[in-house]
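This report looks at aromatic contacts and at one pocket. Please keep the sequence and the model at hand while reading.

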Amino acid sequence: MTTNILRTAAGLAALLLFVTACSTRKDRFVNRQWQALNTKYNVMYNGNMAYEKGLADIRDKYNDNFWEVLPIERMTPKTDEVKAGQQAELNANFQRAEEKATKAIQKRSMNIDGRERNPQMDEAHLLLGKSRYYDNRFVPALEAFNYILYKYPESDKIYEAKIWRERTNMRLDNDQVAVNNLTKLLGEIKLKDQVFADANATLAQAFLNLEQRDSALVKLSTALKYTEVNEEKARYHFILGQLYEEQKEKDSAYKHYQAVIDMKRKSPRKYVIEAHARQARQFDYVKGDTLAFLEKYTALLEDRENRPFLDVLNHQMALYHDARKNYPAAVKFYNKSIEKRTKDDYLTASNYRNIAQIKFNTAKYQDAGLYYDSTMTYLNPKTREFKAIKKKRDNLADVIKYEAIAQRNDSILNVTSLSANDRKEFYEAYIAKLKKADEAKAKLEKEKQERLERENRAADNDDIERADGKAIVATVKDDPNSKVSPVKSTGGTSAGNSTFYFYNPQTVAFGKLEFRKKWGSRALKPNWRLSALKQADEKADELLTDSTAITAARDPKGKTTEAVPEKYTTDFYLKQLPSDKKVLDSLAVERNFAYYQLGVIYKEKFKEYKLAADKLEQLLGNKPEERLVLPTYYHLFKIYEIIDKNKAAAMKNRIATEYPDSRYAQILTNPTEAATSNQSPEAVYDRLFAMYEKEEYRALLPQVEAAVTQFTGEEIVPKMELLKARVAGKIKGLKEYKSNLNFLALNYPNAEEGKEAEKLLGRDVAMLEARKYYAAKPESWKILYKISATDTPEIKKLVGLLTTFTAERTTERLKLSRDLFTMEDDFLVIHGIPSEQKAKDIATILRDYKDYQVKQESVVISNENYIVLQANKNLEDYLKTPPSDPLPEPTYVPEKQIVQPKDKLPGKRQEKRDASKASGTRPPGMPVPPTEKDEPSAGSKMAPGKGSNNGSLDKSADKGKAQPPQRP
């Protein structure tokens, strides 16, 4: 009885003590110890465990960019959304850690009389801040850290809280604030422990953010000295090596990289491999100890522990062979690096870029273009490197084109220059190589087929069994005792678990083999079982064994000998060689122009001066036409000024000696006078364009053609070519206009004028080609009188009669103009006639009335058909062929979509065009069709070559009565 009473009393006392200790409102020793114990080993323990898991997740997912200086802390950079205060994606582990910290604060806090009695609350707030920090919620995290500094100034975590606060400030771009606070904190810390190391490392990161490298070096070295974490030691050594490498202090950088390597397994393996790679960058591939280098990297490649890092190691081996001009080996290792499929996009881009450069340097431009395309897929489009590679890739289109022309024409011309016996020997040697390559290919195909048949036989012997002759079932290879029942249903089963016949590749292969044994090769067509079709298929297979036709030779007795593929006969190639001198001369001219273009492209666009010089020297060796010689000399002079001063002086002397009166000689001997001369390309173009604006087309055409030849190789030539195309179109018609634009677009595709020509071909030319003569009901008609471009007394008399007639006819408001038609002929045009019958009546009056009696034959034409006539210059066709049925009216687009001719040259011409643009008029040019009522302007002149139309098909644009037609 007494024992029971004592036990009951003890239990009640314990219960009373427990209840009393659970209270967070009483400041007693028992309460403080109880709450601290539960906070530390219950709530906070679980929170810290979740925090560590979240931190491990971040470090596992984080990929360092070793192409830049590493950040001190491994953490995904903040995004613009986070900076703007938007909700970031949260990590479940950090959320749990935050929940536990919040729970500890809410349920275990003992805030009595304004003072916290639970010693674990500062750690709870610290966990709360760190969890928010790693979830990229920096403002709430800053609040948690500041709360510790405000409420717990005597906490043993105070220094750690200050460090985390400054880390948060740096994430919020308050780097200078962090520098000031951390500098002050370092003066407060007494013990040189891990906290001191963390403070120095954080300050080093702040200095890096502020681009103060020297200060960062000092603080990071201090952090390295006092840190106790091996991973941090390796990282700090590596970052110090990067910083010294930036400052060109190779010895110091090498020492820190070697320190990472010497840590061996104490350092994460990725730092060791990257340290080896960084040391390799400082290796002299020409003068260094290449045997030691190869021995070292061969050992690294063979080490099984380095398998996850073969992308980096193979890339370094490729760089070694690339630097030593061993391109096949370099490409081999670059491809091995690519096959590793690394997460490092820039490493992959570097591999593709370097292969592209090798292909480019070995003149394999088509392959280079493909590799450049692959490079750009792994680069950030906003970077300068991406834009540079894109420009290089775009320019490769011209290089590929001209290299193909040069190689093809060179090959043809070289072979045609050989004697008959030499040609035969040349093609016999080629055929021997071709046969050898075909035999090797056939051998590989045969081995592949034999290997497939062996695999099928193995499948037949080991993996196939028949169940009652009805179903083929695959046994489970990994478990010989397993029994697989026949397939009952294929619906809804997966390939991985189903025993369906076609889900087993070995069974399928066996089925294909059995089919071929029974039926042979059959094409997929109706009635494939018929024997006649089988014979046809077998015959077709025989014919398809070679891509070329097979010739059958006969001996003198008439017996057929063994068939020989035509591609293995010399006659097959010899009969394709051209023999006409005109054709060969054309090939030589085309080849020479291609070499010239290649030299200019390599010089101007790629800055490949050695390659450009080789192409131009090769051009001179081909004895090109005279117009290319002098520009080639000048380009070689400019190239040699950069790469070889002695050759530049020799080329300068050659130009001055052989072409003393040329503009190039003037430029070299007196550049100041040449620049101000009125014979400079810019001055000549200004003069020609002024003639164009005055519509002096007949005098302009021969001058602009001569200028194009004179300034071959100059940057202004595309402008002159565009001007020439416009003038030729006005005088010779649409066909000549299109031909000139095609030449410009193909030969200068990257110039602004080449792009403009491409637009004109797709817009104006295509639209004008679609217009035909047709019978419609227009609102305006014209009467034409074809006259000579040279004035005679008869023409002057006719002009006077028509001028008097149009002035007297005030009711119709007729107007007269003189329009250019061809190089030899003009039109006198009476405009403003409302109907065809009225036009015929007026023509009759002019012909028969005694006051006029015009003997010149007249042509009545609608405004729309006059456009077609001026574009095609085919009056005879119009007179012979009556207009057809009406065509659909073209649709129109707003004027703002029409691209006007561009002119970047300064001077009065540009001012005139700017004024023209401001006034709403369209600069003269080949043409947008006129409006329904194409009337001459009020002040039209009657001088030859001028007038309201004057052969120009774009005057209606000035009227504003209709919009230009839409591009087809």
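What follows describes a predicted model, beginning with its aromatic rings and ending with a pocket.

**Aromatic pairs**

The structure contains 37 aromatic pairs. Among them is the stacked pair of tyrosine 427 and tyrosine 573, with 5.3 Å from centre to centre and 10° between the planes. Tyrosine 427 belongs to helix α20 (residues 420–463) and tyrosine 573 to helix α23 (residues 570–574), so this pair ties together parts that are 146 residues apart in sequence. Tyrosine 427 is buried, at a relative accessible area of 9%, and tyrosine 573 also counts as buried, at 14%.

Tyrosine 633 and tyrosine 659 form an edge-to-face pair, because their ring centres are 6.2 Å apart and their planes stand at 65°, where an angle over 60 degrees is required for that class. Tyrosine 633 is in helix α26 (residues 626–643), whereas tyrosine 659 is in the loop between α27 (645–658) and α28 (663–669).

Ring pairs also link Tyr51, Phe94, Tyr133, Tyr134, Phe138, Phe145 and Trp164 into a cluster.

**Lysines over ring faces**

| Lysine | Ring | Distance from ring centre |
|---|---|---|
| Lysine 332 | Phenylalanine 333 | 5.8 Å |
| Lysine 435 | Tyrosine 568 | 5.4 Å |

**The second largest pocket**

The second largest pocket encloses about 1300 Å³ of space. It is lined by 48 residues, of which Ile72, Glu73, Arg74, Tyr134 and Arg167 are the closest to its centre. Helix α9 contributes the largest share of this lining, with eight residues, and the lining as a whole divides into 22 nonpolar, five polar and 21 charged residues.

Notes:
Residues are numbered from 1 along each chain as its sequence is written. This is a predicted model: local features need pLDDT of at least 70, side-chain atom pairs count only at pLDDT 80 or more; totals for chains, interfaces and linings use all residues. Side-chain values use heavy atoms; hydrogens and water are left out. On a 1 Å grid over the protein atoms alone, a cavity is a set of points where a 1.4 Å probe fits but cannot get out, and a pocket is an open set with protein on both sides within 12 Å along at least five of seven lines; lining residues have an atom within 4 Å of a point. Grid points are joined across faces, edges and corners, and a volume is the space filled by probe spheres set on the points. Helices (H or I, at least four residues) and strands (E, at least two) are DSSP runs, numbered from the N terminus. Ala, Val, Leu, Ile, Met, Phe, Trp, Tyr, Cys and Pro count as nonpolar, Asp, Glu, Lys and Arg as charged, and the others, Gly among them, as polar. Rings of Phe, Tyr and Trp (its six-membered ring) pair if their centres lie within 6.5 Å; planes under 30 degrees apart count as stacked, over 60 as edge-to-face and the rest as tilted. Buried means under 20% relative accessible area, exposed over 50%, partly exposed in between (1.4 Å probe, protein chains only). A charge sits over a ring if NZ of Lys or CZ of Arg is within 6 Å of the ring centre and within 35 degrees of the ring normal.
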